[in-house]
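Okay, can everyone see my screen? I'd like to walk through some charge pairs, then the cysteines, then one helix.

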Amino acid sequence: MMRLASANDSAQIADLVRARCDWLEERGLPSWRDAVDALAAECDNPDNDVWVLETAQGRVIGRTVVQDQGPPWGWTDAERAESALYLSGSITHPAQRDQRPGTLMASWTVDRAAQLGVPWVRRHCHFSGVARYNLTQGFTLVREEQRTNARLYVMARRAERLDLSAWFRQPHSQS
């Protein structure tokens with residue numbers, strides 16, 4: 001199930017991030033090792049924008065941030081004026097790759113946006129490999145732009161109701 005994160009999730013999130021860091025570092029990729037504590041502390045975010053993907057056994061296998069305000073960069077003024085949910089900070093447990101938790105969290109967000117009457121889900125990333133993965137989730141590359149120190153891939157997907165019943169056995173929407 002997808003649910004809002006709470007302070008009680010901090011230890012599981014820290015373990016999740018460390019597992020993802022190990023996976024990234026084994027492949028010579030940058031990781032969030034220095035940000036483990038900060039990412040775990042976001043579970044107690046008063047904005048209620050951190051969500052976790054939890055197994056039926058209560059194990060957190062993913063976390064993401066869903067906001068109704070996007071970053072000030074990457075989007076035009078007209079795009080920023082449109083209602084959208086912004087998906088960011090998605091981290092999944094590498095041992096659960098066969099369950100596609102990243103795709104599941106993205107699909108849940110697309111469905112949630114449709115339920116809320118929000119027409120778009122938007123996201124961005126800084127790595128071409130992540131951008132390619134996001135495209136497999138139905139996102140469209142809106143633009144690429146060079147930031148000071150990184151390449152920015154800006155993506156969007158129209159909100160739509162999705163049948164997620166094969167993945168979620170319990171109701172998947174929370175207000």
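So, E79: buried or exposed? Buried, at 15% relative accessibility. Keep in mind that this is a predicted model. The partner of E79 is R143, and the two form a salt bridge with the closest N and O atoms 3.0 Å apart. This one links distant parts of the chain: E79 sits in helix α3, residues 77-81, while R143 is in strand β6, residues 140-146, which puts them 64 residues apart. R143 comes out as partly exposed, at 23% relative accessibility.

Next pair: D111 and R161. Their closest N and O atoms are 2.8 Å apart, and that's a salt bridge too. D111 belongs to helix α4, residues 101-116, and R161 to the segment after β7, so the bridge ties together parts that are 50 residues apart in sequence. Look at the accessibilities here. D111 is buried, with a relative accessible area of 0%, whereas R161 is exposed, at 54%.

Then there's a small network. R3, D9 and E54 are joined into one by salt bridges that share partners.

How many salt bridges does the count come to? It comes to 14. One more of them that I want to show is D22 with R33, N to O at 2.6 Å. D22 lies in helix α1, residues 10-26, and R33 in the loop between α1 and α2, so the bridge ties together parts 11 residues apart in sequence. Both ends are partly exposed here: D22 has a relative accessible area of 38%, and R33 has 31%.

Okay, cysteines. How many disulfides does the count come to? Zero. Take C21: the closest cysteine sulfur is in C43, and at 15 Å from the sulfur of C21 that's too far for a bond, given that a disulfide needs the two sulfur atoms within 2.5 Å. C125 is in no disulfide either, and its nearest cysteine sulfur, the one in C21, is 17 Å away. As for where they sit, C21 counts as buried at 0% relative accessibility, and C125 counts as buried at 8%.

C21 brings us back to α1. This helix has 17 residues. From first C-alpha to last it reaches 24 Å, close to the 24 Å expected at 1.5 Å a residue. Which residues of α1 are buried? They're I13, A14, L16, V17, A19, R20, C21, W23 and L24. Now recall the helix geometry: an α-helix has 3.6 residues a turn, so residues three or four places apart point the same way. And what covers those buried residues of α1? The cover includes α2, β2, β3 and β4, with β2 at 50-54 and β4 at 84-92. Just after the helix, G28 takes a positive phi of about 75°.

Last stop, Q69. You'll find Q69 in the loop between β3, residues 60-67, and α3. Q69 is exposed, with a relative accessible area of 58%. How far apart are Q69 and A84 in space? They're 7.4 Å apart, C-alpha to C-alpha, with their positions 15 residues apart in sequence.

That's my tour. If you take one pair away, make it D111 and R161, where the D111 end is buried and the R161 end is exposed.

How values were computed: Residues are numbered from 1 along each chain as its sequence is written. This is a predicted model: local features need pLDDT of at least 70, side-chain atom pairs count only at pLDDT 80 or more; totals for chains, interfaces and linings use all residues. Side-chain values use heavy atoms; hydrogens and water are left out. A salt bridge is a side-chain nitrogen of Lys or Arg within 4 Å of a carboxyl oxygen of Asp or Glu. Helices (H or I, at least four residues) and strands (E, at least two) are DSSP runs, numbered from the N terminus. Buried means under 20% relative accessible area, exposed over 50%, partly exposed in between (1.4 Å probe, protein chains only). The expected span of a helix is 1.5 Å times one less than its number of residues. Contact means heavy atoms within 4.5 Å.
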